[in-house]
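Q: Please take a close look at one part of this model, the open sheet. I would like its strand order, its edges, what packs on it and what surrounds a residue within it.

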Amino acid sequence: MDWITVLRAQQADFIQRLKFGCLLRCEKEGLHSELSVIHGDSLKRLRDFCWEMADKFKRNAPVRKIFINNMQGKLAEEVVKSRLAGTVSKVDYEIKHGGDGQVDFRLNSDTSIGIQVKSCQCWNNQFLDKVSWSLTEEEIKKNSVLVCILIKGKLEDDQAKSFNLIFAGFLPTNMMKTTYGKSSVGINELLYGGGLHNYLTGLVSPKNNNSHELSDYVSLGSLCYQKGNYQEAINNYNHALKTNLNLVKAYYCRGLAYLALQDKQQSIKDFTNAIKIDSNFAPAYYNRGLVYCYIEKREVAIADFTEAIKINPNYVAAYIHRGQTLVQIGEKQGALADFQKVADLYLKQGRQADYQNTLNTITKLLHSSSC
């Protein structure tokens, strides 16, 4: 069993406990805690900073909106700083315009590794399936990890004496796919937050010692992939597979690296090997479907997209590419159904711009004389 499977199982357990309010709380910095509470002087300092930001940049947007946006961001960063104490850079409290360059933290041991923190408010645990966090394509390129935080309570309440913040999980950015320049993930797609520290350590450990642990090679391969060093990434995945030929992630990630190098046949082989090991690994079906599209094996591609959707009924990218492929083979009605599903998912996620773009696609398809 690979580490991703373990962290996903822990995440599923965490989500169930979250629904009932049964969470781990540890106040000692540097140790994992599912629940963090910010109050007292820490909360006052945050509020003062955010009001200063609002006053300084009030020409750019309404003061209250600037305040809330900054509160949402800084509360989340405080949680991550506390959980990763000593291993990451400090929270930036300089009053400046233009933000943080799309990187919230950097590892002290390797400043090339960026961490992006995203937060959202959720007042009712019964609506957790509707919560999502989004990253732009540029943020994905600049960061190795997305960390997601849930904020319980209304930021608009100036009288609130404390805020409960929940460490919702994390996701390596190399596991994220973009659609229309963005990637959105739900809480059930995240990995359990308790594994974040070890994952970050694994990203840099091969450079700092002579360890040849399997996880080191996989993590280093992923880091090379993020930096565009695809051949070096493949070399690291090869080392990992020499140690364990049943490693799903190594096959899958090596398939992505081969695809980046335009070696489509080898990419298909690696995605197929990943599927043989884990038949419920939807991204392998999806990416193999993409490769089949590239080599114009459209019927086979549609079958793979369909499998990915069976495993994950909310797989937006799979619906989009299946719809596009159905258009190419003249299956107009099937394509319309897929694009309508995409529109419904975007509406559910509150992604209005993407929702409208999809409606435009549907309109064009309806008015086209042929596909």
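A: The answer below goes through the sheet, then two single residues, then the largest pocket.

The model is a predicted one. Its open sheet is built of five strands in the order β1-β6-β5-β3-β2, and the pairing is mixed. The edge positions are taken by β1 (35–39) and β2 (105–107); each has a single partner strand, so one side of each has no neighbour in the sheet. Averaged over neighbouring strands and with direction ignored, the turn of one strand against the next is 35 degrees.

At the β1 edge, the partner is β6 (residues 162–172), to which β1 is joined by five bridges in an antiparallel arrangement. Within this pairing, His-39 is placed opposite Ser-162 of β6. Two helices pack on the sheet and touch β6. Helix α1 (residues 3–19) touches β5 (145–152) as well as β6, and its direction makes about 155 degrees with that of β6. Helix α2 (residues 40–56) touches β1 in addition to β6, and the angle between the directions of α2 and β1 is about 70 degrees.

Ser-119 gives a view from inside the sheet. This residue belongs to strand β3 (residues 110–121). Its relative accessible area is 16%, and because the limit for a buried residue is under 20%, Ser-119 counts as buried. Apart from neighbours within four places in sequence, Ser-119 has contacts with Gln-72, Gly-73, Ala-76, Trp-133, Ile-149 and Ile-151.

A second residue, Asn-70, sits in helix α3 (residues 63–83). Asn-70 is also buried, with a relative accessibility of 16%. When neighbours within four places in sequence are set aside, its contacts are Phe-49, Cys-50 and Met-53.

The last item is the largest pocket. About 1,300 Å³ of space lies in it. The lining comprises 46 residues, and those nearest the centre are Gly-186, Asn-188, Glu-189, Asn-312 and Tyr-315. Among the elements that each supply at least two lining residues is α1, the helix that touches β5 and β6 of the sheet. The others are β7 (182–186), α8 (248–260), α10 (282–294), α12 (316–328) and α13 (332–349), again with at least two residues each. Sorted by class, the lining consists of 21 nonpolar, 13 polar and twelve charged residues.

Conventions:
Residues are numbered from 1 along each chain as its sequence is written. This is a predicted model: local features need pLDDT of at least 70, side-chain atom pairs count only at pLDDT 80 or more; totals for chains, interfaces and linings use all residues. Side-chain values use heavy atoms; hydrogens and water are left out. Helices (H or I, at least four residues) and strands (E, at least two) are DSSP runs, numbered from the N terminus. Buried means under 20% relative accessible area, exposed over 50%, partly exposed in between (1.4 Å probe, protein chains only). Contact means heavy atoms within 4.5 Å. Two strands pair if DSSP finds at least two bridges between them. Axes are lines fitted to C-alpha atoms, for helices over the stretch in contact, and angles run from 0 to 180 degrees between N-to-C directions. On a 1 Å grid over the protein atoms alone, a cavity is a set of points where a 1.4 Å probe fits but cannot get out, and a pocket is an open set with protein on both sides within 12 Å along at least five of seven lines; lining residues have an atom within 4 Å of a point. Grid points are joined across faces, edges and corners, and a volume is the space filled by probe spheres set on the points. Ala, Val, Leu, Ile, Met, Phe, Trp, Tyr, Cys and Pro count as nonpolar, Asp, Glu, Lys and Arg as charged, and the others, Gly among them, as polar.
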